[in-house]
Amino acid sequence: MIVAAHRQDRPWSGETVPHEQQNLPAYVDDCYLCPRNARVGGAINPQYDGVFVFDNDHPCVGLTAPADLSPATGINQNRPAQGIARVVCYTPRHDLSLAQLEQTEIENLLGAWQRQYTELATHPGVKHVLVFENKGDVVGVSNPHPHCQIYATNFVFKTIEIEAGASARHLLQTARPLFQDIIAAEQKDQSRIIGENDSTIAFLPYFARYAYEVYVAPKQTHASLANLSDAEVQSFAAVLKETLVRFDNLWQMPFPYVMALHQAPTDGGDHRGFHFHIEIHPPLRKPNLLKYLAGPEIGGGNFLSDTSPEQKAAELRALPATHYSLQSQ
Ligand SMILES: [Zn+2]
Ligand SMILES: [Zn+2]
């Protein structure tokens, strides 16, 4: 991670991204996620009222993924990627984002994510449950209906494997969970914290790679969301909502991001040092300017950031905690 905040004002004459359209209807008759509509493959969505989970009709990883791979030759290796892929609709409302849901609706969603993790972990061969939301045209999502995906797989995704390894080493060496030391450092510094209550904290990490990268975490170490108490879930929902509202308020537009729940693998290993958190990776640096992965990132393997996390945290902290769509005109 390299910070070069002095380059922020360099001239730009490259590609920009148009603001995404607002004013969506509450129901769209050809949306495959709206209630009562048909999905690809023929299934009909129920008249659901709240969170709705279904098996992905076109999974990237599925139980039917081909298991007979041609053997790799020489130095190459392969193995079949299999699992269960699901889609989670946050609400029947086509026109709302996660940021716009009521606190209780977000609590219900967190409850659904808890149950999915717990249930999927019991499936034979499932070593990890990845819950993620891709939001916005710029991250390739054409359907704005608020939803996320779940991949329960027979392998552990790379970033989680690295985090689990680092957490285990840190616990062994210091007897403290790694994330507790990260939170303590953020609380001591204060400058990158954007939201906090009794049991949850949101901050741009010291090592943020994207301009507006934010972590939301419980203050107590829990290996997964499933281990949070009801009170912690309520507290977590409040900070998550406030964070997403600030994002939307930043440029008064639906803020695109990739959001992922980082939870301990379900591979039977010892993950006591793993600390559940949500990472939000917004690809925009400015209202209409994408962060491109280029020479330093793809060619060299380190992120180069033109902004400092302290500046960006201050920007987000200064914004109202009420969604712009509800603020009086
Ligand atoms: Zn819809
Ligand atoms: Zn993480």
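Which residues in α4 meet which residues in α6? Keep that in mind for the third stop; the tour begins with the sheet. The model on screen is predicted.

**Stop 1: the sheet**

Select the strands β2 to β10. They form an open sheet of nine strands, in the order β2-β3-β5-β4-β9-β10-β8-β7-β6, and the pairing is antiparallel. Look for the edge strands, β2 and β6 (193–196), each of which pairs on one side only. Going from one strand to the next, the twist averages 20°.

Now select β5, residues 147–153. This strand is mostly covered, with seven of its seven residues buried. The cover lies on both faces. On one side, the buried residues are His147, Gln149, Tyr151 and Thr153. On the other side, they are Cys148, Ile150 and Ala152.

Add β4, residues 128–135, which pairs with β5 in the antiparallel sense over five bridges. To see individual positions, show valine 129, whose bridge partner in β5 is alanine 152. Then show phenylalanine 132, which stands opposite glutamine 149 in β5.

Add β3 as well. Strands β3 and β5 are also an antiparallel pair, with seven bridges. Here the position to show is alanine 85, which stands opposite tyrosine 151 in β5.

**Stop 2: helices on the sheet**

Keep the sheet in view and select α1, residues 103–121. Helix α1 lies across β2, β3, β4, β5, β9 (257–262) and β10 (277–281). Compare the direction of α1 with that of β3: the helix runs at about 170° to the strand.

Next select α2, residues 158–174, which packs on the sheet. Helix α2 touches β4, β9 and β10. The direction of α2 makes about 45° with that of β9.

**Stop 3: α4 and α6**

Select residues 230–251 for α4 and residues 309–317 for α6. The two helices pack at an angle of about 90°, and their axes are 9 Å apart. Angles of 65 to 115 degrees count as roughly perpendicular, so α4 is roughly perpendicular to α6.

Show the side chains where the helices touch, and the opening question has its answer. From α4 come Arg246, Phe247 and Leu250; from α6 come Glu315, Leu316 and Arg317. Colour these residues by type: three are nonpolar, none is polar and three are charged.

**Stop 4: histidine 323**

Move along the chain to the segment after α6, where histidine 323 is placed. Is this residue buried or exposed? Its relative accessibility is 3%, so histidine 323 counts as buried. Show what surrounds this residue, leaving aside its neighbours within four places in sequence. Histidine 323 is then in contact with Ala99, Gln100, Val245, Asp248 and Asn249.

**Stop 5: salt bridges**

The model has 15 salt bridges. Some of them are worth selecting one by one.

Start with aspartate 55 and arginine 86, whose closest N and O atoms are 3.0 Å apart. Aspartate 55 is in strand β2 (residues 52–55) and arginine 86 in strand β3 (residues 83–89), so this salt bridge ties together parts that are 31 residues apart in sequence. How buried or exposed is each partner? Aspartate 55 is partly exposed, at 45% relative accessible area, while arginine 86 is buried, at 12%.

Then select aspartate 181 and arginine 176, which form a salt bridge with the closest N and O atoms 2.8 Å apart. Aspartate 181 has a relative accessibility of 23% and counts as partly exposed. Arginine 176 is also partly exposed, at 40%.

Go on to arginine 285 and aspartate 306, whose side chains meet in a salt bridge of 3.1 Å, N to O. Arginine 285 is in strand β11 (residues 284–286), and aspartate 306 is in the loop between β13 (304–305) and α6. This pair links distant parts of the chain, 21 residues apart. Both arginine 285 and aspartate 306 are buried.

Finish by selecting Glu186, Asp189, Arg192 and Glu310 together. Salt bridges that share partners join these four residues into one network.

Technical notes. Residues are numbered from 1 along each chain as its sequence is written. Chains are lettered from A and ligands numbered from 1 in the order in which they are written. This is a predicted model: local features need pLDDT of at least 70, side-chain atom pairs count only at pLDDT 80 or more; totals for chains, interfaces and linings use all residues. Side-chain values use heavy atoms; hydrogens and water are left out. Axes are lines fitted to C-alpha atoms, for helices over the stretch in contact, and angles run from 0 to 180 degrees between N-to-C directions. Helices (H or I, at least four residues) and strands (E, at least two) are DSSP runs, numbered from the N terminus. Angles under 35 degrees count as roughly parallel, over 145 as roughly antiparallel, 65 to 115 as roughly perpendicular and the rest as oblique. Contact means heavy atoms within 4.5 Å. Ala, Val, Leu, Ile, Met, Phe, Trp, Tyr, Cys and Pro count as nonpolar, Asp, Glu, Lys and Arg as charged, and the others, Gly among them, as polar. Buried means under 20% relative accessible area, exposed over 50%, partly exposed in between (1.4 Å probe, protein chains only). Two strands pair if DSSP finds at least two bridges between them.
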